[in-house]
Amino acid sequence: MQFHFFCLLGLLTGLQSAGQVSSDSFAPYETTIPESSIRFQMVPIPGGEFLLGSPNDEPGRSADEGPQHKIRISPFWMGVHEVTYDEFLLYFNDENVSRNVDADAVTRPTAQYIDLSWGMGKQGGFPVNSMSQRTALMYCKWLYGKTGQFYRLPTEAEWEYASRAGTTGAYFFAEAKDLKEYAWFADNSKKKYQKVMQKKPNPWGLYDVLGNVAEWTIDQYDEKFYATLTDDTRDPNHTIQQPYPISVGGGGFTDLPTDLRIAKRTRSVPAWNRRDPQIPKSKWWLTDAMAVGFRLVRPAAIQIGRA
């Protein structure tokens, strides 16, 4: 099963090639998930270059955020907001999911043993939470089968690039004191995630990219990965070879301001599922990571089969 999953993960990566995309087609769009009235929005993230990581003098910096390198990123679309329960429950409740998508033998998520929204809200624009990376990946594959458009999770580099939106500081705004205008975190969330798009977006139109729920990437976490890169590396991706740790970006509603810095690298740990009563523990849900969700990426050009 583990080998099968990592093969599937390679297919889901679908990293974009260096091909160009037409300016006419590379525009914001909104789409309806077939057989529903639920819509979601995607915004174009232009290709370009940026300094990945943080400078040595950034307050709160950790050693795994460097050394900095100039990285080149190909264009892609990204979800305006994190995937919501309204979107995700279409997948979770889809009785025909195994017929809609050519996926692995355990395509449909197992039933949740408790309400893993913890009573914080579902329908009406709340971000889906307590998600394992596997669940996020399988949602992407289901959505591909429903829409005919290829969706996946961002790489660490894509996530940071899109979050920065051309800025270079710890946040995409000038003053740390302004964080409450852009994010839900420990100081203002009242220990609950909130409906998406209630705060100001970043310069590229992404809402809640910091705070609310943290967002899975498709990369294996390696504290020394940035040291293996060189300037002008294009679209770096650290392929997953084992279940832990995996990189997560953005911080969540329970985190402190320093944990919402754009360059902050968070790693998944087995303790996120510590209280799961099932044996073996669920691959789908995270009992002790209530502030972990995900956001969609659609590459402008893809190459299927990279593992």
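## Where the model is uncertain

Across residues 1-8, pLDDT (the predictor's confidence in each residue, from 0 to 100) stays under 50. The model still has 14 contacts beyond four places in sequence for this stretch, a contact meaning heavy atoms within 4.5 Å. Residues 99-106 also stay under 50 in pLDDT, and for them the model has 17 contacts beyond four places in sequence. Where pLDDT is low, predicted coordinates should not be read in detail.

Elsewhere there is plenty to look at: the mean pLDDT of the protein is 90, and 87% of its residues reach 70 or more. This is a predicted model, so local features need pLDDT of at least 70 and side-chain atom pairs count only at pLDDT 80 or more, while totals for chains, interfaces and linings use all residues. Residues are numbered from 1 along each chain as its sequence is written, and side-chain values use heavy atoms, with hydrogens and water left out.

## The overall picture

The protein's secondary structure comes to five helices and 11 strands. These are DSSP runs numbered from the N terminus, with helices being H or I of at least four residues and strands being E of at least two. Of the 307 residues, 53% count as buried. Here buried means under 20% relative accessible area, exposed means over 50%, and partly exposed lies in between, using a 1.4 Å probe and protein chains only.

Among contacts between residues at least 6 apart in sequence, 77% join residues at least 24 apart.

## A four-stranded sheet

Four strands make up an open sheet in the order 1-2-5-11, with antiparallel pairing. Strand 1 (29-32) and strand 11 (297-299) are at the edges with a single partner strand each, so one side of each has no neighbour in the sheet. On average, neighbouring strands of this sheet are turned by 25° against each other, direction ignored. Two strands are taken to pair if DSSP finds at least two bridges between them.

Strand 5 (residues 76-79) pairs with strand 11 in the antiparallel sense over three bridges, and with strand 2 in the antiparallel sense over four bridges. On the strand 2 side, Ile 45 stands opposite Phe 76. On the strand 11 side, Trp 77 has Arg 298 as its bridge partner, and Met 78 stands opposite Val 297.

In a regular strand the side chains alternate between the two faces of the sheet. In strand 5, Phe 76 and Met 78 point one way, Trp 77 and Gly 79 point the other way, and all are buried.

## Helix 5 against the sheet

Which strands does helix 5 touch as it packs on the sheet? The helix touches strand 2 (39-45), strand 5 and strand 11, and its direction makes about 75° with that of strand 5. Such angles run from 0 to 180 degrees between N-to-C directions, and axes are lines fitted to C-alpha atoms, for helices over the stretch in contact.

Nine of the nine residues of helix 5 (residues 156-164) are buried, so the helix is largely enclosed by the rest of the structure. Among them are Trp 159, Tyr 161 and Arg 164. Just after the helix, Ala 165 takes a positive phi of about 55°.

## Helix 2 and helix 4

Helix 2 (residues 85-92) is mostly covered, with seven of its eight residues buried; these include Asp 86, Phe 88 and Phe 92. The axes of helix 2 and helix 4 (residues 133-147) come within 10 Å and cross at roughly 80°. The two helices are therefore roughly perpendicular to each other, the term for angles of 65 to 115 degrees; angles under 35 count as roughly parallel, over 145 as roughly antiparallel and the rest as oblique.

From helix 2, Glu 87, Phe 88, Leu 90 and Tyr 91 meet Thr 135, Met 138, Tyr 139 and Trp 142 in helix 4.

## Two residues to visit

Asp 64 is found in the loop between strand 3 (48-52) and strand 4 (69-73). Is Asp 64 buried or exposed? With 8% relative accessibility, Asp 64 counts as buried. Leaving aside neighbours within four places in sequence, Asp 64 is in contact with Tyr 221, Glu 223, Tyr 226, Arg 265 and Arg 267. Its side chain makes a polar contact with the side chain of Tyr 221 (2.6 Å). A polar contact is a pair of N or O atoms within 3.5 Å; within protein, one must be able to donate a hydrogen and the other to accept it, and residues adjacent in sequence count only if both atoms are side-chain atoms.

Thr 266 lies in strand 9 (residues 266-267) and is partly exposed, with a relative accessible area of 26%. Not counting residues up to four places away in sequence, Thr 266 touches Ile 246, Ser 247, Val 248 and Trp 272.
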